[in-house]
Amino acid sequence: MQIGKLSIGRAYGLWEAAVFLRRPGLPWDEGDIARSGRIEWRGGGPDAWGI
């Protein structure tokens, strides 16, 4: 995952993606991530991981 140009790690599920986004103080949950148009998915997407 990247926030801007900063690499913050690799998520293997929506829960992990939510954990990464919460660390810098972004209050996103799995549903927010799945619905967001601000996230660029590579090698799958929220449907590939499930909610």
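How much space lies in the largest pocket? In this predicted model, the largest pocket holds about 760 Å³ of space. Its lining is made up of 20 residues, and those nearest the centre of the pocket are Met1, Gln2, Ile39, Glu40 and Trp41. Two elements, strand E1 (2-3) and helix H1 (14-22), each give two or more residues to the lining of the largest pocket. Sorted by class, this lining consists of 11 nonpolar, 5 polar and 4 charged residues.

The largest nonpolar core has 8 residues in all, namely Ala11, Leu14, Ala17, Ala18, Phe20, Leu21, Trp28 and Ile33. Helix H1 supplies the largest share of this core, with 5 residues. For Phe20, a member of the core, the contacts outside its neighbours within four places in sequence are with Met1, Ile8, Gly9, Arg10 and Ala11. One of these contacts, Ala11, is itself listed in the core, while another, Met1, is among the residues nearest the centre of the largest pocket.

A search of the whole structure gives 1 salt bridge. This salt bridge joins Asp32 and Arg35, whose closest N and O atoms are 3.3 Å apart. Both residues belong to helix H2 (residues 30-35), where they are separated by 3 residues, or about one turn of the helix. The relative accessible area of Asp32 is 29%, so this residue is classed as partly exposed. Arg35 has a relative accessible area of 65% and is therefore classed as exposed.

Glu30 is also placed in helix H2. Its relative accessibility is 22%, so Glu30 counts as partly exposed. Apart from its neighbours within four places in sequence, Glu30 is in contact with Leu14, Trp15, Ala18 and Arg22. From C-alpha to C-alpha, Glu30 and Gly13 are 9.1 Å apart in space, with their positions 17 residues apart in sequence counted as the separation. Asp29 is found in the loop between H1 and H2 and is partly exposed, with a relative accessible area of 34%. When residues up to four places away in sequence are not counted, Asp29 touches Ala18 and Arg22. Ala18 and Arg22 are also among the contacts of Glu30. The C-alpha atoms of Asp29 and Ala17 are separated by 8.6 Å, and these two residues are 12 residues apart along the chain.

Pro46 is located in helix H3 (residues 46-49). The relative accessibility of Pro46 is 15%, so this residue counts as buried. Pro46 touches Leu14, Ala34 and Trp41, with residues up to four places away in sequence left out of the count. Of these, Leu14 is part of the largest nonpolar core, and Trp41 is among the residues nearest the centre of the largest pocket. Although Pro46 and Gly13 are 33 residues apart along the chain, their C-alpha atoms are separated by 8.4 Å.

Tyr12 lies in the loop between strand E2 (6-7) and H1. With a relative accessible area of 61%, Tyr12 is exposed. The separation between Tyr12 and Gln2 is 10 residues in sequence and 14 Å in space, taken from C-alpha to C-alpha.

Terms used. Residues numbered from 1 in each chain as written. Predicted model: local features only at pLDDT ≥ 70, side-chain atom pairs only at ≥ 80, totals over all residues. Heavy atoms only, no water. 1 Å grid on protein atoms, 1.4 Å probe; cavity = no way out; pocket = protein on both sides within 12 Å on 5 of 7 lines; lining within 4 Å. Points joined across faces, edges and corners; volume = space filled by probe spheres on them. Helix = DSSP H or I, 4+ residues; strand = E, 2+ residues; numbered from the N terminus. Nonpolar A, V, L, I, M, F, W, Y, C, P; charged D, E, K, R; others polar. Core = buried A, V, L, I, M, F, W, Y, C linked by side-chain atoms within 4.5 Å. Buried < 20%, exposed > 50% of the residue type's maximum accessible area, 1.4 Å probe, protein only. Contact = heavy atoms within 4.5 Å. Salt bridge = Lys/Arg side-chain N within 4 Å of Asp/Glu carboxyl O.
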